[in-house]
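The following exercises concern a predicted model. Each task is followed by a solution that proceeds step by step.

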Amino acid sequence: MNELLARLMENSLAGAWLIAAVLVIRCIFRNAPKRIFPLLWCTVILRLLLPYTPQSSLSLMPVSGGTAESIANTPPKALPYGTIVWVVGVACMLLYGVISYGRIKRKVATAVKLTADVYQSDCIQTPFVLGFFSPRIYVPFGLEQAQTESVLAHERAHIKLRHHRIKPIAFVILSIYWFHPLVWVLYVCLGRDMELNCDELAVRNMNAYERSAYCDTLLAFSSGVPDALSCKAAFGGGVVKKRIRNVLSCKKSKRWVTAAAVTAFAVIALCFATSPKQKNPSADFSEKKKKKDRIEAENAAIRQLITL
């Protein structure tokens, strides 16, 4: 358990730097295609998931005072209490997720099949995708034709981009790092960027009239209270005002903006998703011994010359 918590603390520090870097890039390239940003957050999730990371001489991560193994072997100080608090926090988060998922499943238990992957229910107020392996789209009864087309375009974009799988994984990461405020920022920003990404994909081939209808549908489903911790991909999620502005101004971005964003993404991954190279203690000791032996040999030769 000591080693697990030590590795968790090490990943927390690395994740903090990476999240901060992504937030900076997110602000600089705010006009870049929104598909870039979920990729950035997925890099952070991967970094938080991996117990070990590759080393790189280009890494900008600060060198920690000791390895996870050395920290784990250090006698614990109040550590059992910290372990209990962490375990209880993880359990509460996962329990909340299970209960929320069960509540949603009960709501759509009486849903009526509309098409192959679309179901209608009178127990829901906003459309969403539910299901990790076999996703289904659930929509309320009474949607107009234009609303149905907008909703299905958006929700099928979620499925195409695998958001119905990424978001539950992100919730598990949030449950593990529930004590880390920046991981909460990651989860919220990931959800918002997913919605913006799906909006762009959904309206990419729409004309002005269809985009206007899409925005009207967004407004129609924006009155509900959003559930920030929900694992489902809901049509009305995110900041609706920002989404509408993005939909109306959405256009094909310049190639240099996309290239710059991708380059920045690669640099961030290289500099912040890797660990700095650490010297091998045994090799360092061997090098010092060789240097000491060489100096002693030189001093012995000088003394021999003096005696002659």
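**Exercise 1.** Determine which residue forms a salt bridge with Lys34, and state where the two partners lie.

*Solution.* Step 1: the partner of Lys34 is Glu200, and the closest N and O atoms are 4.0 Å apart. Step 2: Lys34 belongs to the loop between H1 and helix H2 (36–49), while Glu200 belongs to helix H7, so the salt bridge ties together parts that are 166 residues apart in sequence. Step 3: both Lys34 and Glu200 are buried.

**Exercise 2.** Describe the salt bridge of Asp193, and decide whether its partners are buried or exposed.

*Solution.* Step 1: Asp193 pairs with Arg26, with 2.9 Å between the closest N and O atoms. Step 2: Asp193 is in helix H7 (residues 181–203) and Arg26 in helix H1 (residues 2–28), so that distant parts of the chain, 167 residues apart, are linked. Step 3: buried means a relative accessible area under 20%. Asp193 has a value of 1% and is therefore buried. Arg26 has a value of 18% and is therefore also buried.

**Exercise 3.** Locate the salt bridge between Arg156 and Asp117, and classify the accessibility of each residue.

*Solution.* Step 1: the closest N and O atoms of Arg156 and Asp117 are 3.3 Å apart. Step 2: Arg156 is part of helix H5 (residues 145–160), whereas Asp117 is in the loop between strand S2 (112–113) and strand S3 (118–121); the pair therefore ties together parts 39 residues apart in sequence. Step 3: a residue is partly exposed when its relative accessible area falls between the limits of 20% and 50%. Arg156, at 38%, is partly exposed, and Asp117, at 22%, is partly exposed as well. Step 4: elsewhere, salt bridges with shared partners join Glu195, Asp199 and Arg243 into one network. The structure holds five salt bridges.

**Exercise 4.** Identify the residues with the most contacts inside the largest nonpolar core, and the elements that contribute to this core.

*Solution.* Step 1: the largest nonpolar core has 38 residues. Step 2: within this core, the residues with the most contacts are Trp41, Val44, Leu48, Val183, Leu186, Leu190 and Ile268. Step 3: two or more residues come from each of H1, H2, helix H4 (79–107), helix H6 (163–176), H7 and helix H10 (255–272). Step 4: take Val44 as an example; not counting residues up to four places away in sequence, Val44 touches Leu18, Ile19, Val22 and Leu186. Step 5: apart from the largest core lies another, of 10 residues, and Ala202, Met206, Tyr214 and Leu218 are among them. In soluble globular proteins, nonpolar side chains tend to be buried together.

**Exercise 5.** Characterise helix H2 by its span and burial, and describe how H2 packs against H10.

*Solution.* Step 1: H2 has 14 residues and spans 20 Å from its first C-alpha to its last, close to the 20 Å expected at 1.5 Å a residue. Step 2: of these 14 residues, 10 are buried, so H2 is largely enclosed by the rest of the structure. The buried residues include Ile36, Phe37, Trp41, Val44 and Arg47. Step 3: the axes of H2 and H10 lie 11 Å apart, at an angle of about 10°. Step 4: angles under 35 degrees count as roughly parallel, and H2 and H10 are therefore roughly parallel to each other. Step 5: at the meeting of the two helices, Ile36, Leu39, Leu40, Thr43 and Arg47 in H2 face Ala261, Val262, Phe265, Ala269 and Phe272 in H10.

**Exercise 6.** Describe the surroundings of Ala261 and of Asn11.

*Solution.* Step 1: Ala261 is in helix H10 and, at 3% relative accessibility, counts as buried. Step 2: leaving out residues up to four places away in sequence, Ala261 touches Phe29, Ala32 and Ile36. Step 3: Ala261 and Arg30 are 231 residues apart along the chain, and their C-alpha atoms are separated by 9.7 Å. Step 4: Asn11 is in helix H1 and counts as buried at 4% relative accessibility. Step 5: beyond neighbours within four places in sequence, Asn11 is in contact with Arg47, Leu48, Leu50, Pro51 and Tyr177.

How values were computed
Residues are numbered from 1 along each chain as its sequence is written. This is a predicted model: local features need pLDDT of at least 70, side-chain atom pairs count only at pLDDT 80 or more; totals for chains, interfaces and linings use all residues. Side-chain values use heavy atoms; hydrogens and water are left out. A salt bridge is a side-chain nitrogen of Lys or Arg within 4 Å of a carboxyl oxygen of Asp or Glu. Helices (H or I, at least four residues) and strands (E, at least two) are DSSP runs, numbered from the N terminus. Buried means under 20% relative accessible area, exposed over 50%, partly exposed in between (1.4 Å probe, protein chains only). A nonpolar core is a set of buried Ala, Val, Leu, Ile, Met, Phe, Trp, Tyr and Cys residues joined through side-chain atoms within 4.5 Å. Contact means heavy atoms within 4.5 Å. The expected span of a helix is 1.5 Å times one less than its number of residues. Axes are lines fitted to C-alpha atoms, for helices over the stretch in contact, and angles run from 0 to 180 degrees between N-to-C directions. Angles under 35 degrees count as roughly parallel, over 145 as roughly antiparallel, 65 to 115 as roughly perpendicular and the rest as oblique.
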